[in-house]
Amino acid sequence: MHHEHHVTSSETIRDIVIGMSDGLTVPFALAAGLSGAISSSGLVVTAGIAEIVAGSIAMGLGGYLAGRTEVDHYRSELKREYDEVERLPEQEKAEVKKVFASFGLSARLQDQIADELAKDKKQWVDFMMRYELGLEEPDANRATKSAVTIGISYIVGGIIPLSPYIIINEAQQALYYSCGVTLICLFVFGYFKSKMTGQPALSGALKVVVIGALAAGAAFIMAKLITGK
């Protein structure tokens, strides 16, 4: 028996990926940069927590606005499509025929399908939204769910690079542990993200690690150059 295997990433998984990737990388780079300038872990923790709070709110708000924009855009196009099938039915039928012509159907079948669709205005408009405009109806509650998911994922990701600074008082020593813990988490995160999206898992994991390491390294070197330490 033939079994098809397809990787489907839900919108929730996408939001988790967005929140976790930034949550792991940005506070990690901030902590590394501060470690190059100050010796107190307490200051790194304070600044890190402030960044996590601000970052989670900003990322969550971005997710919310993106979700609302998607809903508003769909509703605007839906209203326009209803207006067009009401005022320009023959033109809309021609557009239906064009869709099925691209599938290789005969002119006779195109006419039959267009006439059948025209009998049900809702199905007609739904068809045009999906196949003419390429739009799927978004979940009305998607914006709020997206904001919460991204925000929480950012917080969870951000706590990981800060955790060694909470335990170890000396910032540079804590940085070594933070690098180890965070890079391991970035590798695991990148590995599973690549698996879920059907990409090569090992190379995907290494890319995520390299990006995080470059961000933290650049922040650390810049802090050293500025302070001259």
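On helix H4, the face turned away from the buried side carries Arg108 and Glu116, both exposed (over 50% relative accessible area, against under 20% for buried and in between for partly exposed, with a 1.4 Å probe and protein chains only). This is a predicted model, where local features need pLDDT of at least 70 and side-chain atom pairs count only at pLDDT 80 or more, while totals for chains, interfaces and linings use all residues. Residues are numbered from 1 along each chain as its sequence is written, and side-chain values use heavy atoms, leaving out hydrogens and water.

Now for the other side of H4: Gln110, Ala114 and Leu117 are its buried residues. They cover an arc of only 65 degrees around the axis, so they sit on the same side of H4 (the arc is taken from the directions from the helix axis to the C-beta atoms). Their cover includes helices H3 and H5.

H4 also has the length you'd want: its 12 residues should span 16 Å at 1.5 Å a residue, and the end C-alpha atoms are 17 Å apart, which agrees (expected span is 1.5 Å times one less than the number of residues). Helices here are DSSP runs of H or I, at least four residues, numbered from the N terminus.

Two residues from other helices:

| Residue | Helix | Relative accessible area |
|---|---|---|
| Arg142 | H6 (residues 142–167) | 6%, buried |
| Met196 | H7 (residues 171–196) | 35%, partly exposed |

Leaving aside residues up to four places away in sequence, Arg142 touches Glu11, Thr12, Arg14 and Asp15, with contact meaning heavy atoms within 4.5 Å.

Key: Helix = DSSP H or I, 4+ residues; strand = E, 2+ residues; numbered from the N terminus.
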